[in-house]
Structure formats: C-alpha cells, structure tokens
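Biologist: I am new to this structure and should be grateful for a close look at one part of it. Please set that part in the context of the whole chain.

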Amino acid sequence: MGKLGKGLMALVTAVAVALTVSAMSPEARRSFAEFEKRVEAGEPEALYRMSIILEEGYDSIAPDNVRSLSLLKESAEKGFGEAQNYLGYLYRRGERVPLEPDSAIYWFRKGAEAGNYKSLNNIAYLLLFPSDTERKHIPTDADSIAAVYLKKGTEAGLPTSEAMLAGLYLQGRGVAADTLQAEILYRSASGKGLAEADRELAVLMAEISATDTTGRALTLLGNAYAHARGVPYDYSKAIECYLMAAEKGNPAAMFILAESLDMFPDLLRGLDAPDSFTADYLRSQAAEKGIATAEAAESSLLPISRSERKTGCDALPPHTPSDVPCIRDTSVHP
C-alpha cells in the first residue's frame, strides 16, 4: 500500500475515532486522547489495544481489519507478548492471515520468550498435539522443548502448565517418567480449581491405589468422590476409599473417618471394618501420626501450603483456540 493509501486509511480511522470521542464525557475524552497519543507514538501495548478495538469496532468506530492487523503486527514486532500470542493464534487458525504453522510456532515462541504466560501454554500444546497440517513443521525434539516451556509456566504457578507437565511426567515425554512428580503437579493444579487436573488426578489415584502402601492415593480418591473433584459425587465410594486408606495407616483418612463416625455412628456397618475402628480410636491414631485437626488433614492432601501456593496469571487466555484442553475451563476468545 502506498503512502497516499496509508494516509487515507489513517484519516478515515481518525474521523471515526473523533465521532466516538465527541460523545464521551470530558474525562473519557481526555483519557482516549492520551491513548491515541500512545498509539501514534508507537507504544507496543497501545498498538495492540487499538488493534483489538479496530478488529470488531467500538461504538461509532467501524471495524477496520486491515488497520487492525497492521497494528497487531507492529505491536508483535516490537516485542509485546500479548500481541505475539494473538498473532500466533491467528496464523494457527488461518484467521485474517494465511494458515501458516511455521509462523504460528514462531510467534508463540516469541511470546513465550517474552514471558507471556498464554504463549507458554499455547506453544507447548501446539508442539505436543499438532494437527495433521502442523505435524511436518514440528521439530524432532518437540517434547523436550514443550517441557521447557511448561516448566517455566509451572514456576510461575500456572495450573494449565502444571497439568500438561504432569501428563508428560506420566508418559515420560520430554522428561524422565515420574509418577510422584505428576501427582504433585496435578494436585497443585487441582488446588487452583483446574477441572482438567481434577479428572486426571482421580484417574491417576485409582490406577496407583492398589500398589500404594501408605493409603495416600486412596485418601485422595476418597476426597475426590466426597467433593465431586473429577468424578461424580459418591459418598459411599468415598467412605470405602477412606476405610481402605485407614487400614493402611493413613492418618488423614483415619481423622476423616473419626469425624464422620461422630455424626453417623453406623457409617461403617456392613463394610467389614475392624472392630477397633471407633471414632475415638481412629482419632487417637491419627493424632499420634500428626493429624489432630481438620485443617491438618486437609493440608496433608495438598501439595503445598496455602501460604506458599502461587496464583500467578492462570494462563487461560483470550485469543486461544477453543479446542485447546489446557484452557477449556474458562471462556475463550474468539
């Protein structure tokens, strides 16, 4: 496009913006004027925000796809991670730009290297689960590269990164197989409310419960049934799990059973529980092993204490494909 064309485009945009500004309050008008100055100065974040406004239009500002895309690319080229992530998304989907897996990988990686949390998950997912079209563009060491990005996300406390990294530890993809590490990561992501992690943790605990001599897996599985965390609510199954865990000596399970027996004395009837399993006995046994309160029992089911748990950006981004499972638990855009 020549200079004249660009000038006319800028003029049309300016007129549309002026129409909107004229309807604003004096305070809003001043604020928008300052925003326009930032755009004109080429500030990366302002360029990105204006590109989003022009993508769908705002009030009297008509959508302007060409100008919007130009500003988005300029922002990305200047290193703004949000713009890099969104541009990667557009190239991956072939929306407003050609379908180009190499460009999608490039911009997701640029965003991740810039510290954009959303890009960390998006590049990892693309590398681990490429479509048929993308597969030939994926490097041979894709699993290892994805693991590096997911570890960065995990260090930032991102539950989606934790859950995906846990899956790699279970499969030994890009990292050495480590079931315990996978459990810790799923538990952390679950504690932050990620439904995907709830489901995976429940499946994992069911798989390892038979060989777990400590009763930890059964206690966590019972907790899942008791609170519908990744499995349907089933109080009977929860009690069965707690009972088997208590028989293996798990103190958290013992304490939970003791508290339950206080309310429902016949709770264990018909479950072939040891005669010694009364509320007082189970509570004393749990206390001897360091679990004397409900808070202590709960904390033993968590991977880290509440005070240590990171929240961070949860990396459940806008501008992320709706078919990416690591961000399924929240609304997505577009």
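Modeller: The following account moves from the whole chain to a pair of packed helices, and then to one residue. The model is a predicted one. Its protein chain contains 17 helices and zero strands. Of the 334 residues in the protein chain, 47% are buried. The chain exposes about 16300 Å², and 53% of that area is supplied by carbon and sulfur atoms. Among contacts between residues at least 6 apart in sequence, 53% join residues at least 24 apart.

The part chosen for a close look is the packing of helix α7, residues 117-128, against helix α9, residues 142-155. Their axes lie 9 Å apart and form an angle of about 160°. Because angles over 145 degrees count as roughly antiparallel, α7 is roughly antiparallel to α9. The crossing of these two helices is left-handed. From α7, the residues in contact are Leu120, Asn121, Ile123, Ala124, Leu127 and Leu128. They meet Ala142, Asp143, Ile145, Ala146, Tyr149, Leu150, Lys152 and Gly153 in α9. Taken together, the residues of this contact comprise ten nonpolar, two polar and two charged.

A single residue elsewhere completes the picture. Glutamate 183 is placed in helix α11, which spans residues 179-191. With a relative accessible area of 1%, glutamate 183 counts as buried, because the cut-off is under 20%. Leaving aside residues up to four places away in sequence, glutamate 183 touches Leu201, Leu204, Met205, Ile208, Arg216 and Leu220. Leucine 201 is 18 residues from glutamate 183 along the chain, and their C-alpha atoms are separated by 6.8 Å.

Methods: Residues numbered from 1 in each chain as written. Predicted model: local features only at pLDDT ≥ 70, side-chain atom pairs only at ≥ 80, totals over all residues. Heavy atoms only, no water. Helix = DSSP H or I, 4+ residues; strand = E, 2+ residues; numbered from the N terminus. Buried < 20%, exposed > 50% of the residue type's maximum accessible area, 1.4 Å probe, protein only. Contact = heavy atoms within 4.5 Å. Areas by Shrake-Rupley, 256 points an atom, 1.4 Å probe, with all protein chains shown as cover. Axes fitted to C-alpha atoms, helices over the stretch in contact; angles between N-to-C directions. Parallel < 35°, antiparallel > 145°, perpendicular 65-115°, else oblique. Left-handed = near helix turned anticlockwise from the far one by under 90°. Nonpolar A, V, L, I, M, F, W, Y, C, P; charged D, E, K, R; others polar.
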